Structure formats: C-alpha cells, structure tokens
Amino acid sequence: MKILTAAQTRELDQATIREQHLTSAELMERAAEALVEWFCSLLDQEQAGEVLVLCGPGNNGGDGLAAARLLHQAGYQMRVALLPAETQSADWQHNRLHLPEAIPVADISEQQLPAILPGTVVIDALFGTGLARPLAGLAAALVAHLNAARARVVAVDIPSGLFTEAPQPREDVAVRAQHTVSFGTPKLAFLLPQNAEFVGEWHVKDIGLSQEFIAGSTTPWYYTDEAAVAGALPARAQFSHKGTFGHALLLAGSRGKVGAAVLAARACLRGGVGLLTARVPGCGYDIFQTSVPEAMCLADPQPNFISALPDLQPYQAVGIGPGLGQDAASLAVLQQLLQTAAATTAHQKPLPLVIDADALNLLGQHRELLALLPENTVLTPHPKEFERLTEPARDDYHRLELLRQFAQQRRCLVLLKGAYSCLATPTGELHFNSTGNPGMATGGSGDVLTGLLLALRADARLLPFQAAQLGVYAHGRAGDLAAAKTGQAGLIAGDIAHYIGPALREAEA
Ligand SMILES: NC(=O)C1=CN([C@@H]2O[C@H](COP(=O)(O)OP(=O)(O)OC[C@H]3O[C@@H](n4cnc5c(N)ncnc54)[C@H](O)[C@@H]3O)[C@@H](O)[C@H]2O)[C@@H](O)CC1
Ligand SMILES: [K+]
C-alpha cells in the first residue's frame with residue numbers, strides 16, 4: 001500500500017470527488033460515517049458518557065462536526081467546542097449548519113478552555129493534513145490543556161499538531177491520542193517511534209478514495225500489508241528437488257553464542273531452503289549437530305570463533321553474523337567473503353549475502369569494506385547498528401533519510417529493524433512492514449530473521465527485493481501467530497522459527 005504526502009492526500013480527495021461525481025461534503029460525510037462506525041464499535045453510549053468534540057476551522061473540524069451529528073443521532077451525548085478562526089472551510093460551514101440544536105456548542109478562548117474531566121472521551125478534530133505550521137497561541141494552549149486532562153482521546157485523521165510527513169520541533173505541542181482514525185492510506189507519521197506517544201493505536205478506514213489516483217501517484221514510502229505479499233511465494237512444482245530451493249551457507253556463532261547459529265539455522269530450514277550448511281566454531285559442532293540434525297555442519301579449526309571461510313562454490317546464498325563475535329580472524333573471514341562474493345559478479349549474478357549483527361558491527365568498524373558489498377546484499381541493522389554504519393540521526397525522519405541514502409549508495413537492501421521495520425531498496429524506496437508485535441523484542445529473534453532471509457535469498461525463484469520483503473513480513477507474521485499461543489511475554493525466538501511455515505503458507509501462490 002502506498003503512503004502519500006499531505007499534498008497528495010488533498011489531490012486524492014479532489015480526484016475522488018471528480019471521478020465519482022461527489023460533492024466534497026459527501027466525501028466528508030463518508031469520512032465521518034467511517035469514524036462513527038469505528039467509534040460505536042469501540043464504546044457504546046453508556047461507556048462513552050458525554051463526548052466532547054474539539055473542532056478546528058478546516059475540513060478536519062468539518063469531519064468533527066459531521067461526526068458529532070451522526071453520534072448524536074446514534075444516541076450519544078455530545079458537546080462541541082469550536083476553535084475560533086477568521087474563516088472556516090465551506091464543508092465546515094455546511095456541517096455547522098446541520099449540527100442539531102440539541103448539541104451544546106461553545107467557542108473556545110484563552111479564558112474559557114473547555115472543561116475536561118479525567119476519562120472524558122474527546123474527539124480531536126482540530127487540525128488534520130492541512131496543518132501549515134507548528135501550533136501556537138490558543139491552539140497550543142488548548143492542546144496542552146487537553147493533554148493534561150487525562151481524557152480518552154480519539155484523533156481524527158492525525159493527532160492535531162503532528163505533521164503528516166515531517167518532524168515537528170521537539171518542544172511543540174501535539175495531541176496525545178489513544179486512537180487515531182485515518183482515511184484511505186496510512187500516514188508516514190504513524191510509523192515512526194517518536195510519534196507513538198501521540199498517535200496511539202491507529203486505524204485506517206476505507207472511504208472509497210480513487211484507486212486510480214493512488215495507482216498513478218509516485219511515492220518513496222510503502223506499507224507492506226497482506227496484499228503486498230499475497231502470492232509472493234511460488235508454489236512448489238511436483239518434480240522439485242533439494243537443488244531447486246538452493247544450498248545456503250550460514251556463518252554464525254562463537255563461544256557462548258552457538259544458540260544464535262542454531263536459531264538462524266532452524267529458521268533457514270523452516271524458510272524452505274533446499275540444503276543448509278553451517279560454519280560454526282569448533283566448540284559448537286556437537287551442539288549444532290544435535291540441535292539441528294537437518295543441517296550439515298563444518299566445524300571451524302578454531303574452538304571459540306570462526307577463523308576460516310569455506311569454499312563458496314557450492315552455495316547459492318551466504319548469511320553471516322548471528323553470534324559471530326568480533327574477533328580479528330572473523331573480520332578476515334568477512335572481508336574474504338565480500339571479496340569472493342564481489343569477484344563472482346564479473347561473470348555471473350552476485351552471490352546473495354545476508355549480513356547481520358556482529359558482521360554489521362565489524363563493517364561499522366571497517367567502513368572501507370562497505371565498498372565491497374555485492375549489489376542487493378541484505379543488511380539487517382537495528383538502529384544502533386545502523387548508526388555504526390553511518391552517523392547518529394537527529395530524529396526518526398533524519399534516520400529514514402540516512403537509510404535511503406545508504407541503500408542507494410551501496411545498492412543494497414537495508415532493513416532497519418524495529419516496530420514497522422523499514423526495508424530500503426537500491427532505488428530509494430522505503431517499505432514499512434506491518435506485521436510483528438512487541439513480544440518479538442527478545443533475544444534471538446533477529447537471528448531467526450537472518451536465517452529466514454537467507455533461505456529466501458537462496459531460492460532462485462525470488463527476486464532480491466521480493467525475498468527480503470517476504471522474509472520480513474513472514475517473520476513478523478510468524479511472531480504474531482506464535483504470540484497468539486504464548487502471549488507476548490512468553491514468546492521466545494524459537495517460537496517464531498516454529499511458526500515460519502504457517503506464515504509462509506499464507507503468502508503462497
Ligand atoms: N478534502 C476532503 O475532501 C476531505 C478531507 N478530510 C479531512 O480534512 C482534513 C484536511 O482539511 P483541511 O485541508 O481543511 O485542513 P485542516 O482542517 O487540517 O486545517 C486547515 C485549517 O487550519 C488552519 N491552520 C493550519 N495550521 C494551523 C496552525 N498551526 N494554527 C492555526 N491554524 C492553522 C488553516 O489556515 C486552515 O484554516 C483531513 O485531515 C481530513 O480530516 C476528510 O473529510 C475526507 C475528505
Ligand atoms: K486531528
């Protein structure tokens with residue numbers, strides 16, 4: 001699903017109106033109906049008590065006025081407070097005119113901020129995508145008053161004060177909502193950690209906006225939902241054999257961290273790889289062979305870490321990093337891997353690589369090695385690891401820009417891990433993942449992701465981006481399926497690996 005800018009959202013509204021021969025008030029009515037339907041499913045009249053709608057002067061306020069009317073008709077006890085302004089939008093005026101007289105309406109002033117008791121349900125319809133500058137004056141005072149009131153807040157379209165696709169200076173005020181109900185497509189602001197305290201839980205409602213306009217819009221931002229990966233995994237042909245799905249090599253583990261190799265290997269096998277060979281330190285041989293009998297094992301001559309790169313000739317993809325440690329000998333292995341993989345690019349496609357964890361830290365310490373990365377290498381840093389590869393980011397928006405630049409410059413697929421993990425492509429696209437849950441913030445879940453990505457990169461039927469996108473999505477989905485059984489607290493990385501099969505099955509062609 002595409003993520004659009006505020007300007008594109010406005011154009012989308014206009015295109016929908018033209019295409020479907022609607023009035024703008026009719027489109028606003030659809031938005032209000034969607035909001036109200038959602039609201040009624042959340043809280044009944046008794047649970048809601050008196051509902052206060054705060055309305056700004058634009059169409060966001062118009063949505064609020066229309067919703068107040070519809071909720072009143074549905075039997076909710078409503079109260080409306082209006083933020084004064086020199087002018088109001090036409091659809092605002094239309095909905096002001098149609099507001100039932102039974103609903104009390106007050107004008108907001110510095111002296112007369114609306115009374116908000118703790119627990120009051122407040123619908124924030126002050127500003128939406130038309131926010132033109134940071135909040136100041138009365139609007140800022142009102143939002144500070146609301147945030148201090150400990151109300152139950154539902155934001156319409158976007159919490160007032162947040163910009164759709166740009167950061168707001170830190171000291172600025174924005175509404176802290178428990179829920180945000182938006183229309184059509186998600187907004188970039190919803191996907192960034194720094195906005196979580198404002199956005200709360202977000203919901204995007206379909207209001208029949210022009211699909212043709214969306215299809216024709218260009219954007220660097222995408223949201224990987226179920227539809228984006230539907231059918232992404234080709235069905236297995238009847239006469240497939242192990243070779244069809246590739247032979248992967250995993251370089252992982254060091255003394256005390258052989259478990260990382262085990263987890264990555266299990267995930268790689270669950271990811272459908274044809275054959276898996278793991279290079280582990282000598283101390284890991286018995287552990288690995290016993291824990292993952294389905295994989296082959298090449299013990300390193302060194303007992304405690306990996307010191308020698310096996311011959312790469314048999315493999316269709318190589319993963320390196322989980323539990324690797326940062327010994328100088330392992331750095332040499334990484335360097336040799338990059339040189340060998342890059343050398344194969346001259347006469348054939350580059351050897352697919354997946355680079356994670358300590359292998360990323362080693363790259364961060366020896367940035368000259370970045371120039372050796374073969375095209376379409378998959379890197380999976382969390383924000384700290386990414387910072388070691390680049391520079392500290394000012395905020396989440398700046399980090400996205402660094403991510404985009406890095407992926408373009410290095411011609412790699414870079415996955416910035418976190419909630420809504422973001423996959424950057426060599427062409428400058430950013431794909432935010434929709435699956436996963438906080439239960440996955442547990443040791444080893446990154447190792448599982450590496451193993452799964454390795455399996456999908458070894459599968460020659462998938463293009464590099466498809467493999468990475470499917471891997472990230474299925475990893476999160478496996479975590480969601482696992483958490484449904486274990487609860488989030490009880491979730492361990494091995495559970496995620498266990499559910500990779502069912503998660504991938506959902507994306508089968
Ligand atoms: N255009 C449409 O047809 C639809 C629009 N919808 C709603 O309309 C919203 C966008 O409406 P608008 O474009 O009218 O914009 P907004 O309602 O977000 O705000 C625009 C108004 O706020 C003022 N303003 C902007 N920044 C301000 C600030 N910092 N301090 C004080 N005043 C400020 C502007 O001068 C203008 O009067 C969406 O977020 C959505 O809620 C929905 O009804 C769906 C349909
Ligand atoms: K709002």
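**A278 has C297 as its bridge partner in β11.** This is a predicted model, in which local features need pLDDT of at least 70, side-chain atom pairs count only at pLDDT 80 or more, and totals for chains, interfaces and linings use all residues. Residues are numbered from 1 along each chain as its sequence is written, while chains are lettered from A and ligands numbered from 1 in the order in which they are written. Strand β10 (residues 275–280) pairs with β11 in the parallel sense, over 4 bridges. Strands (E, at least two residues) and helices (H or I, at least four) are DSSP runs, numbered from the N terminus. Two strands count as paired if DSSP finds at least two bridges between them.

**The open sheet holds 10 strands.** Their order is β8-β17-β16-β15-β14-β13-β12-β9-β10-β11, with mixed pairing. The edges are β8 (221–224) and β11 (296–299), each paired on one side only. Strands of a sheet pair through backbone hydrogen bonds, either parallel or antiparallel.

**Strand β12 (residues 317–320) is covered on both faces.** A317 and G319 lie on one side, V318 and I320 on the other, and all of them are buried. Buried means 20 or more other C-beta atoms within 10 Å of the residue's own; exposed means 12 or fewer, and partly exposed is in between, with C-beta atoms placed from the backbone. Strand β9 (residues 247–251) runs parallel to β12, joined over 4 bridges. There, L251 has I320 as its bridge partner. Strand β13 (residues 353–355) is also parallel to β12, through 3 bridges. I320 is bridged to I355 in β13.

**Helix α10 (residues 258–270) is mostly covered.** Of its 13 residues, 13 are buried. The end C-alpha atoms of α10 are 19 Å apart, which agrees with the 18 Å that 13 residues should span at 1.5 Å a residue. The expected span is 1.5 Å times one less than the number of residues. G272, just after α10, takes a positive phi of about 95°.

**Helix α17 runs from residue 464 to residue 486.** Its 23 residues reach 33 Å from first C-alpha to last. That is close to the expected 33 Å. G487 follows α17 and has a positive phi, near 80°.

**The shell around ligand 1 has 26 residues.** G58, N59, N60, G128 and G130 come nearest. A residue is near the ligand if its C-beta atom, placed from the backbone, lies within 6 Å of it. Helices α2 (24–42) and α4 (59–73) are the elements that give two or more residues to this shell. By class, the shell has 12 nonpolar, 10 polar and 4 charged residues. Nonpolar covers Ala, Val, Leu, Ile, Met, Phe, Trp, Tyr, Cys and Pro; charged covers Asp, Glu, Lys and Arg; the others, Gly among them, are polar.

**H21 and R150 are shown for their phi values.** Most residues other than glycine have a negative phi. H21, not a glycine, has a positive phi of about 50°. H21 sits in the loop between α1 (6–19) and α2. H21 counts as exposed because it has 7 C-beta neighbours inside 10 Å. R150 has a positive phi near 55°, again in a residue other than glycine. The loop between α6 (137–148) and β5 (152–156) contains R150. With 13 other C-beta atoms within 10 Å, R150 is partly exposed.

**L504 belongs to helix α19 (residues 500–506).** L504 has 24 other C-beta atoms within 10 Å, so this residue is buried. E401 is 103 residues from L504 in sequence, and their C-alpha atoms are 31 Å apart.

**The chain as a whole gives the setting for these views.** Its secondary structure comes to 19 helices and 17 strands. The C-alpha trace spans about 85 × 45 × 40 Å along its principal axes. The radius of gyration is 26 Å, which agrees with the value near 23 Å for a compact globule of 509 residues. That radius is taken over C-alpha atoms, and the globule rule is 2.2 Å times the number of residues to the power 0.38. Of the 509 residues, 50% are buried. Mean pLDDT is 96, and 99% of residues reach 70 or more. pLDDT is the predictor's confidence in each residue, from 0 to 100. The model scores ipTM 0.97 and pTM 0.97.
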